[in-house]
Amino acid sequence: MPSQSEADAKDGVGSTGSLFDAVVIGTGFGGAVAACRLTQAGKNVCVLERGRRYDRGDFPRPAVRPDHLPHTARWAWALDYGMWDVKDLQGTLAVQVAGYGGGSLGYANVHLRAPQAAFAPPTRHGPEADGWPAIYSRAELDPYYDVAAAALRVRPIPSTFIPTALVAAPLPKVVAMQGAARSLGREPWLFLPPLAIDFDTCVMCGECIAGCQFHAKNTLDLNYLAVAERLGADVRTLAEVLDIRDDGHEDGYIVTYHDHVTGDAAATVRARSVFLCAGSVSSTHLLLRSKDHVGMAEASRPNVGRRFFVNGDAIAMVYDTVPSPTPTRGPTIATSLLYNNRSLDLTGTRGDWFMIQDGGYPKWLEPVLGLLRADLWLQRNRIAANRGGRTVDRDAAARDTAAIGDLTERTTRAILGLLDARRAYHDPSRAGVIASRFGLPQKDDARSSAQGLGIADVLPPQIRRILEQARMQAHVVENREAEALSGKTVEELTYRLVNIGIHEPFPDGPLQPVPPDLAEQFRQQVVEPHRLIATLEAINQYFLDIPRGVAEPFTAAILWRLAVRLAKQILLGERPNDHAFLMLVMGIDAAPGQLYLDEEQRLLAYWDRAANARLATMQERLMHDIAGALEGELRLNPDATVRQRPVTVHNLGGCAMSDRPEDGVTDPNGKVWGTRALYVLDGAAMPGSLGANPSATIAAIAERNVRKALADRHSPIHAPTPVPLDPPLPGGPSLAEIRQRYGQTPAVLDPIAQVTTPAREPDAKAIGLTFKEVMQGFYASAPGGNLSIRADLVATIDDLSAFLVDPRRPVAITGTVRLAPAPGQPEVEYTARGTLDLLRRVDAATALRALFDEGVERLKRLQELRDQARSTPYLEPARKDAEDAMESLLRRLENTTHRYEMDYVLDLVPVGGAAPTVDRLVGVKKIYGGPGLAPWTETTTLHVTLYDRQQPAGAGEMHVHIADLLRTQLPSFEITGAGGDDVRIAWAFARFFRFFLGTLRQVYLPHLAMIDPFAQGAR
Ligand SMILES: Cc1cc2nc3c(=O)[nH]c(=O)nc-3n(C[C@H](O)[C@H](O)[C@H](O)COP(=O)(O)OP(=O)(O)OC[C@H]3O[C@@H](n4cnc5c(N)ncnc54)[C@H](O)[C@@H]3O)c2cc1C
Ligand code: SF4
């Protein structure tokens, strides 16, 4: 076999100008299948892959000896075309693999079929199109899933995992996950997914995501791509495609690539067809740059980049578990726990379908994953309290003896929670600007107001100052703590160095004692000079979105503590932490994002945080429950909690398949609308989120669509003889033989279909909010005068996230209504049950019409009064009043864009069997805006109509009295389902009041510039 550099050098030098039947760009699950089937059909194929080849034992690893430099270049694409390509797309952080074999080199081998529900048909068309082309279903794809599973030699995980153990033992992390599922009553939904691993070769080292040094992973270079090469494919690695053009001739596709072997020279190949398979992010990027030169249909060009999905990805660690899951042992993923709240509509915007899988990792990756626990995040990503009350906060217990009191700690965390909530629901106007600038689908107004304005925007300046001081105090506390601990760690390090010595110069040299004053020297010479403000600023900016010029809260003390902790882990050679558990989550996104190019042609992603908030909340809750069952501390991904963006390894979409050019980028067979023979056959073509790990579906759809391309008589690569499904790989065993040999039963291949999900999740309760409201007033029934009426209500929002993204803002209300049925008669009490639409936005056109009608009525009245006033002077004041009212009406007309209503509908049943005089109360608070006391009067005045058997039985007004507001309503606000966790409670309150007060601010102070006490120059 040629060496790495020899192989790359041979491959990379392209024969510029050669003519091929097809060029395949990328060698992941789409590209490998395409290359294999095209060559199998006798086509002359060129494969261009930007990454390197990785042979057995050749994947990058940390240095094995201290005198070896780690081969960092081969790790990172950005450094020297290495394996990992992590792209900061601002809205998301996309993690991809570059190399011959694409994602298969670094993936976790899970081979799952997507659930039928993922292939939902469209419900919308045009720029907001959704759903899959009509032809797609599990029945359509199953034959292709079968062939992909056979080609990749997928098989069940063996029941005992540790072949070298004296007694065959199950994997500790499987045992831990099974125990957690059992104690949460979720065992029926836990399964072991099939893996594309040869378990006879696998040594259970947990290094799958870094590339398997033993070739136990059935990566694409070992099967599909090996066949393509054997059949004559011209494979060029380190060949990064820059541009695709169609010059209009039958052989007219010109693909330009950067040849990283020869240097900067751009090389080209010509072909009759192009198969774009560079992965969701890169394929979309390439098509965004090339869409005007490939003959693409006008109608579908704006769709390139739309419908981008992160597949519900999330990640979290549990530390200090009581059982020892030992994540460094076994394949990366071995279990999968399904969550499917079927009471919700999977095809709509609220699909709650996700899975949590255990994550393994090599010991040397521990310091990196330890970053989730780093002090850098000021504990923002920490959720220690647990509903079961079993989570032991060991860190906090230790800290109790230190300077920080429990109260300060709790307050600090609550304040930080509030600050994070502020960031979570950012300025909607900015989202609007971005949307219009880049032609993104505009969010409906109701939703953007859910993203809301901040408490900071509506708080008086004094309160803002207090908040600011509290924030500073929080950081001072953190810094003090960090200083104390870092000192201790340095002492410990010094003790070890002085008493044990260090190896000089390298491991085989003698041990040398070091001077006892090392710690002091180290502090003075190394630490102090490096308190670089610029570094702190950069970190602030990156991690916390804090404006340039702010060098706190990350003082050197915090960074120092972090560095020392890392050093301690690396230098003192701590044992692997067996009491840790990594969780990898994926699901069906509730709403898509978009990939787009900014003015500088950089690829960025927009991600709809608000619409996906509910899914994220449900995922976090189940992770929290698992952490509780393992009796450990949950640390969420700080990038998600602090920066409010997903990190995804399952990028999907951007070049969506569709039934009509207006709805997507390619036809249902992956051919780009309008082009002669440009196909997208990778993850980019997925028109929706899959929920499951996506590689099996990408491969199955590529198996289907490459055959459709070859079967197409009008295509320049038409092949009269179809490529068979059996045998799965030419020259290999048949489907039946593979099934038998590797135990590929339907239950093994499709465990999701076997898991019967509950009608309702055992604990689908989300974070909610309750409050009381008391209103009193009068109504007039037909015969009588004013009669008293009073309502004592409890409002309940079960799920705050769902509430915020639902334009109706539905709230359940229960309570009592007492009213006098007739003058002089005693009050009758009714139980009341119904709904309140809290701050439902009134359609501006309807509002204008209502105001207009009101204006016409008033004009008529005014005219009558004028006529009468001429003859009856005592009517003059009434005329004046009517004119003033008209004036104010005109002012309100000017400002009708922000109008809301609170609609109450209550069914009334008399208590104790009394005869009812009414059976329904319908009320509305009109939040229409106005000067002076309007905010108070409008939010506290309910215009009521009473009904009896659908006939009006009275009308009047009720009010919230200030005493009831202060005594009953304000103290009654309570967050439910947060398990007593201060951070969550603070976060939830902030989200609600941010929405509520922010909306009122839009109505009553529409011209108030955004005031942000944390913005640059605002202090
Ligand atoms: C850490 C990790 C673990 C994962 N685990 C699983 C799992 O267990 N199961 C699962 O189903 N999925 C998993 N995935 C996801 C899976 O790897 C991807 O969904 C899958 O690889 C996507 O296939 P693709 O064909 O769309 O693109 P990719 O596999 O990403 O292949 C694209 C290829 O195109 C190349 N390329 C990109 N741009 C260019 C260019 N301009 N010119 C030439 N070549 C280019 C890339 O280098 C790459 O080789 C994981 C992903 C990661 C990162
Ligand atoms: S655990 Fe993963 S990396 Fe280790 S041998 Fe098995 S397949 Fe290879």
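**Exercise 1.** Which helices and strands each supply at least two residues of the shell around ligand 1?

*Solution.* The model is a predicted one. Step 1: the helices that meet this criterion are α2 (29-40), α7 (280-290) and α20 (695-711). Step 2: the strands that meet it are β4 (93-97) and β7 (239-246). Step 3: β7 provides the largest share of the shell, 3 residues.

**Exercise 2.** Describe the surroundings of ligand 1, from composition to polar contacts and burial.

*Solution.* Step 1: there are 38 residues around ligand 1, and those that come nearest are Glu49, Arg50, Gly103, Gly683 and Ser695. Step 2: sorted by class, the shell holds 19 nonpolar, 15 polar and 4 charged residues. Step 3: an N or O atom in the side chain of Arg50 lies 2.8 Å from an oxygen atom of the ligand, and a polar backbone atom of Gly103 is 2.8 Å from an oxygen atom of ligand 1. A nitrogen atom of ligand 1 is 3.4 Å from a polar side-chain atom of Ser282. Step 4: of the 990 Å² that ligand 1 exposes when taken alone, the protein buries 94%.

**Exercise 3.** Determine the strand order of the open sheet that contains β10, and locate α7 relative to this sheet.

*Solution.* Step 1: the sheet has 4 strands in the order β19-β18-β10-β22, paired antiparallel. Step 2: β19 (603-606) and β22 (652-653) each have a single partner strand, so they form the edges and one side of each lacks a neighbour in the sheet. Step 3: β10 (residues 306-309) is joined to β22 by 2 bridges, with Phe309 opposite Leu652 in β22. Step 4: α7 lies across β10, β18 (593-597), β19 and β22, at about 45° to β18.

Definitions and conventions. Residues numbered from 1 in each chain as written. Chains lettered and ligands numbered in written order. Predicted model: local features only at pLDDT ≥ 70, side-chain atom pairs only at ≥ 80, totals over all residues. Heavy atoms only, no water. Near = heavy atom within 4 Å. Polar contact = N/O pair within 3.5 Å; in protein donor to acceptor, adjacent residues only side chain to side chain. Areas by Shrake-Rupley, 256 points an atom, 1.4 Å probe, with all protein chains shown as cover. Nonpolar A, V, L, I, M, F, W, Y, C, P; charged D, E, K, R; others polar. Pairing = 2+ DSSP bridges. Contact = heavy atoms within 4.5 Å. Axes fitted to C-alpha atoms, helices over the stretch in contact; angles between N-to-C directions.
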